[in-house]
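Work through the exercises below with the structure in view. Try each task before you read its solution.

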Number of protein chains: 2
Amino acid sequence: MFEVLRAYFENSFPVTEESFALIKSILVPKTMTKGDILLREGEVAKYGAFVAKGMLRSYVIDNKGKEHIIQFAPENWWISDKTGLTDGSPSTFFIDAIEDSEILLIDMKGHLTLIEKLPGYAASFRTGIQKRTAAKDQRIVASLTETAKERYNDFLKTYPTIAQRVPQHMLASYLGITPETVSRIRKQASRKK
Amino acid sequence: MFEVLRAYFENSFPVTEESFALIKSILVPKTMTKGDILLREGEVAKYGAFVAKGMLRSYVIDNKGKEHIIQFAPENWWISDKTGLTDGSPSTFFIDAIEDSEILLIDMKGHLTLIEKLPGYAASFRTGIQKRTAAKDQRIVASLTETAKERYNDFLKTYPTIAQRVPQHMLASYLGITPETVSRIRKQASRKK
DNA sequence: TTTGCTTTTTGATCTAGGTCAATGGATGGG
DNA sequence: CCCATCCATTGACCTAGATCAAAAAGCAAA
């Protein structure tokens, strides 16, 4: 499980045995089964989570009781309510497992320790944030400019593995369209071939 | 001009004379008049900008030639194409001044120097990023869950000063609705009083 | 297998908000 | 001060995608 994280880090900086020992002393492994909830709306987020296996998602529930998925986090992704679990304000999100999953938890203190002790970690964290930010901007633009079909196709192209693993109604929720519309888009696409 | 930035920093950490001298040696002031472009699509972003006076915006142009505003940046905001001008990949954004403005430019090297030399700067940068990220998530959720009217009213509540300073069609562009719809929403709201 | 979910598909209808077009202010450059 | 351009408003109409309702598949537990 830690090996997955190690491999992930090795992509951006060399991990010495010493660093790895530090990492292992800070992150806490946790096993989740499909449906388990990591964070509930209103709770204070204590942890960020690295997904070593399986998939989590974060979502909100609107005033009409509808779920809206903010993020999918399959293997090698990080997930937390704020990017970087900050201040101690209560979360507006839920986070749960949509597959049986194995994750590694890190709290704020551990995060700061790693930033201080491992420059490579700090840099990798910064890069990661920047990528996420760019992706979020991209998603905002898409929601402003693209049709349902375009957004659906973009998703297939950008995250093909996620698209295959996730039930269609969740994909619809992420894209901000109804399951019915997703179904119709797929039908139309398959007919065209 | 530097005084504005100093006051901004003082909100999150004490700025010694020495630090301030360093800051002044790194950031470069620039005056822009309304309409001046700081960054064009396809160019590589060299600078992040702190707005000391006036207002900038970032936007994209879609394949139908329509502008979509990503961000407004009035006084005391930072703006750049990626949050933190990273890698050297070309920008997908435009950034221009929508009022006569005075800004302070910082490049990647200067940014890293400040991170290294001023722990307060690094922390303030991290906090800033987290706030932005939360705001972006909020905006994504809003675009998924709220009606045009709700988003308009949210904007008025969240950014009253920006709403007053910015022409309506830009506000519409930011919210992802047409100027006509904004006009109708306002009419309806004023009738109700 | 059967029973009881949860998902997906399909059809019929409805509506928020877009598009098109025209008018009347603003406003700022010369 | 005047002209040109850009902005906001209003009306008529239209369409993408939502909503509602009901079959049909899947799938899982027992």
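**Exercise 1.** Find A:Leu171 in this predicted model. In which helix is A:Leu171 found, and is A:Leu171 buried or exposed?

*Solution.*
- Start with the element: A:Leu171 is found in helix α7 of chain A.
- Next, count neighbours. A residue is buried if 20 or more other C-beta atoms lie within 10 Å of its own. A:Leu171 has 20 C-beta neighbours inside 10 Å, so A:Leu171 counts as buried.
- Then list contacts, leaving out residues up to four places away in sequence. A:Leu171 touches A:Phe155, A:Ala163, A:Val166 and A:Val182.
- Last, look along the chain. A:Phe72 and A:Leu171 are 99 residues apart in the chain, and their C-alpha atoms are separated by 9.5 Å.

**Exercise 2.** Turn to B:Gln168. Which helix holds B:Gln168, and is B:Gln168 buried or exposed?

*Solution.*
- B:Gln168 lies in helix α7 (residues 168-175) of chain B.
- A residue is exposed if 12 or fewer other C-beta atoms lie within 10 Å. B:Gln168 has 12, so B:Gln168 is exposed.
- Setting aside neighbours within four places in sequence, B:Gln168 is in contact with B:Pro179 and B:Val182.
- B:Phe13 is 155 residues away along the chain, and 37 Å separates the C-alpha atoms of B:Phe13 and B:Gln168.

**Exercise 3.** Describe the surface near DNA strand D. Which residues come nearest to DNA strand D?

*Solution.*
- There are 16 residues around DNA strand D, and A:Thr147, A:Thr181, B:Gln168, B:His169 and B:Ser183 come nearest.
- Both chains supply elements with two or more residues: α5 (148-158) and α8 from chain A, and α7 and α8 from chain B.
- α8(B) gives the most, with 6 residues.
- Sort the surface near DNA strand D by class: 4 residues are nonpolar, 6 polar and 6 charged.

**Exercise 4.** Repeat the job for DNA strand C. Which element gives the most to the surface near DNA strand C?

*Solution.*
- DNA strand C is surrounded by 16 residues, the closest being A:Gln168, A:Ser183, B:Thr147, B:Ala148 and B:Thr181.
- The elements giving two or more residues are α7 (168-175) and α8 (179-192) of chain A, with α5 (148-158) and α8 (179-192) of chain B.
- Of these, α8(A) gives the most, with 6 residues.
- The classes near DNA strand C are 4 nonpolar, 6 polar and 6 charged.

**Exercise 5.** Trace the open sheet of chain A. What is the order of its strands, and which strands stand at the edges?

*Solution.*
- The sheet has 4 strands in the order β1-β8-β3-β6, with antiparallel pairing.
- β1 (28-32) and β6 (78-79) of chain A stand at the edges. Each has a single partner strand, so one side of each is left without a neighbour in the sheet.
- Check one pair: 5 bridges join β1(A) to strand β8 (residues 101-107) of chain A in the antiparallel sense.
- Within this pair, A:Val28 stands opposite A:Leu105.

**Exercise 6.** Follow the β4-β5 hairpin of chain A. How many bridges pair the two strands, and why is β5(A) called largely enclosed?

*Solution.*
- Strand β4 (residues 55-61) of chain A pairs with β5(A) over 7 bridges, in the antiparallel sense.
- One bridge joins A:Ser58 to A:Gln71.
- The hairpin has 5 residues between its strands, and A:Gly65 in the turn has a positive phi of about 85°.
- Of the 8 residues of β5(A), 6 are buried, so β5(A) is largely enclosed by the rest of the structure.

**Exercise 7.** Examine where chain A touches chain B. How many residues does each chain bring to the contact?

*Solution.*
- Chain A brings 23 residues and chain B brings 23 residues.
- On the side of chain A, β5 (67-74) and α4 (119-145) are the elements that give two or more residues.
- α4(A) has the largest share, 14 residues.
- By class, this side of chain A has 7 nonpolar, 10 polar and 6 charged residues.

**Exercise 8.** Look at chain B. How does α3 of chain B lie relative to β8(B)?

*Solution.*
- β3 (residues 47-53) and β8 (residues 101-107) of chain B run antiparallel, joined by 6 bridges.
- B:Ala49 stands opposite B:Leu105 in β8(B).
- Helix α3 (residues 108-117) of chain B lies across both strands, at about 75° to β8(B).

Note on methods:
Residues numbered from 1 in each chain as written. Chains lettered and ligands numbered in written order. Predicted model: local features only at pLDDT ≥ 70, side-chain atom pairs only at ≥ 80, totals over all residues. Contact = placed C-beta atoms within 7 Å. Nonpolar A, V, L, I, M, F, W, Y, C, P; charged D, E, K, R; others polar. Pairing = 2+ DSSP bridges. Axes fitted to C-alpha atoms, helices over the stretch in contact; angles between N-to-C directions. Near = placed C-beta within 6 Å.
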